[in-house]
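Colleague: I have a model open and want to learn how to read its domain contacts and salt bridges. Can you take me through them?

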Amino acid sequence: MIRKIRTGDLRVGMYIHDLDISWIDHPFLLQQFLIKDGETITKIVRHGIDTVYIDTQKGGDIPIKQRENSEALPEVEQRLEQLIGEIISPVQPQHRSSPHDFSQAKEVLANATAVVEQLFDETRDGLPPDCCELESITGAIIRSVIQSPYALSGLSRFKVLDRYTAMHSVSVAALSASFGRYLGLTPEVIAEITRGALLHDIGKALIPKRILKKTTPPTDAEFRLMRGHVQLTSSILEKTVGTTPAMVEFIGQHHERCNGSGYPERIRGTEMGTIGKMAAIIDVFDAVTSRREYRPPWSPTHALKKLLEWSPDYFDSDLVHQFIRFQGIFPVGTLVEMRSGCVGIITAQSKNLKKPVVTLFLTPQKTAMGQLQEVKTEQSDETILTAITAERYNIDEEALLRQL
Ligand SMILES: [Fe+2]
């Protein structure tokens, strides 16, 4: 049985099935392992992990008298499924159907990624970020999300591995701009958080690449060094013309967590601002839905459920609910299998967030369709069976994106 328990109940001999925290928040390379010593338990607790899943078939269990207070994985999944159904009522009156224009978004993504890479190079050379370049891609991103709210963030989820950090910055910027618009933030604040998002990890430019690209678990010292990118970014920001309090909050708090387990200041939700809480949600959502050298991505649908599970401990519940209403349970860019057996990608939302627009590209036999076929599930009998990841049917994401 897979059981969710509090880390205070962990004992040597238990088998960790899932650390129940996003992988950007812990230094363990593996999510699944046998606890062989007390030091590992101390390390898990020290990293602010409140709950974990254990596999009781592969290791020890908690005492019988404590089991009543724990949840089995299917119970957790059922609870989240129900909750998400309540958060997303079938028709969201405030939610407009989204048009999609991938060709324009592709151009913005390519330009913005190149500019962020250039900013990283200049930072390595000790130069402050070029404000004109930053201003120009901020404007392009905002225009893109005004025209097509989900296209850019949907596309930028598919990362080219060796351009991860730059593409992640653009993706976080696109999500911040479009979510900010959804929340009704002012145009000035939307521009500021978009700029902040583009720069939010720029301090990583000053961390040795051999540490950033390690595929073995980081040592405690290396993990501390990596976490130092927030302070490094903040100090770069101090030298950047046009830095505003909203940018400082976005960057300074994107790794803070509501239960005080984040960094660098370990502040709690009550001390975090709305922009900081938004940054934390968006940063984790984009990270866990992106492919890395050492980890396959989660489907956006799964990631939204995990954000829900991780709130209010790590993330602000109200903002997570809003984020789910904004994205829909099948965000644009999600790969899905239909009841017919066809496979497609979500390309736009409709007013009914449970029935988005899907562009089909694989037949029920999982062979390529001669031509992409757009299905508005709101007006069709075709329904979505489940969200999948590219691994399921060996989908060539790059080839797919070229066709959109
Ligand atoms: Fe970061």
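**Domain contact and salt bridges**

Modeller: Start with the area buried between domain 2 and domain 3, which is about 1100 Å². Carbon and sulfur atoms give 61% of that area. Keep in mind that this is a predicted model.

Colleague: Where do the domains run along the chain?

Modeller: The domain assignment gives domain 1 as 2–72, domain 2 as 102–327 and domain 3 as 335–403. The contact between domain 2 and domain 3 takes 13 residues from domain 2 and twelve from domain 3. The C-alpha centres of these two domains lie 28 Å apart.

Colleague: How many salt bridges and polar contacts are there between domain 2 and domain 3?

Modeller: Two salt bridges. Five residue pairs are in polar contact, with both residues at pLDDT 80 or more. On the domain 2 side, helix 4 (102–124) and helix 15 (317–327) are the elements that give two or more residues. That side divides into seven nonpolar, three polar and three charged residues.

Colleague: Which residue forms a salt bridge with Glu391?

Modeller: Arg291 does, with the closest N and O atoms 2.4 Å apart. Now widen the view: the structure holds 21 salt bridges.

Colleague: Why does the pair Asp20 and Lys306 tie together distant parts of the sequence?

Modeller: Look at where each partner sits. Asp20 lies in the loop between strand 2 (15–18) and strand 3 (33–34), and Lys306 lies in helix 14 (residues 300–309), so the pair ties together parts 286 residues apart in sequence. Their closest N and O atoms are 3.4 Å apart.

Colleague: Are Asp20 and Lys306 buried or exposed?

Modeller: Buried means under 20% relative accessible area. Asp20 has 1%, so Asp20 is buried. Lys306 has 6%, so Lys306 is buried too. The pair also belongs to a network of salt bridges that links Lys4, Asp18, Asp20, Lys306 and Glu309.

Colleague: What about Arg195 and Glu135?

Modeller: They form a salt bridge, with the closest N and O atoms 3.3 Å apart. Arg195 is in helix 8 (residues 187–199) and Glu135 in helix 5 (residues 131–147), 60 residues apart. Arg195 is buried at 11% relative accessible area, whereas Glu135 is partly exposed at 42%.

Colleague: And which residue does Arg392 pair with?

Modeller: Glu337, with the closest N and O atoms 3.7 Å apart. Arg392 lies in the loop between strand 10 (384–388) and helix 16 (397–403), and Glu337 lies in strand 6 (residues 335–338), so the pair ties together parts 55 residues apart in sequence. Arg392 is partly exposed at 49% relative accessible area, while Glu337 is buried at 8%.

Definitions and conventions. Residues are numbered from 1 along each chain as its sequence is written. This is a predicted model: local features need pLDDT of at least 70, side-chain atom pairs count only at pLDDT 80 or more; totals for chains, interfaces and linings use all residues. Side-chain values use heavy atoms; hydrogens and water are left out. Domain bounds come from an automatic or database domain assignment. Contact means heavy atoms within 4.5 Å. Buried area is the accessible area (1.4 Å probe) that two parts lose on being put together, summed over both. A salt bridge is a side-chain nitrogen of Lys or Arg within 4 Å of a carboxyl oxygen of Asp or Glu. A polar contact is a pair of N or O atoms within 3.5 Å; within protein, one must be able to donate a hydrogen and the other to accept it, and residues adjacent in sequence count only if both atoms are side-chain atoms. Helices (H or I, at least four residues) and strands (E, at least two) are DSSP runs, numbered from the N terminus. Ala, Val, Leu, Ile, Met, Phe, Trp, Tyr, Cys and Pro count as nonpolar, Asp, Glu, Lys and Arg as charged, and the others, Gly among them, as polar. Buried means under 20% relative accessible area, exposed over 50%, partly exposed in between (1.4 Å probe, protein chains only).
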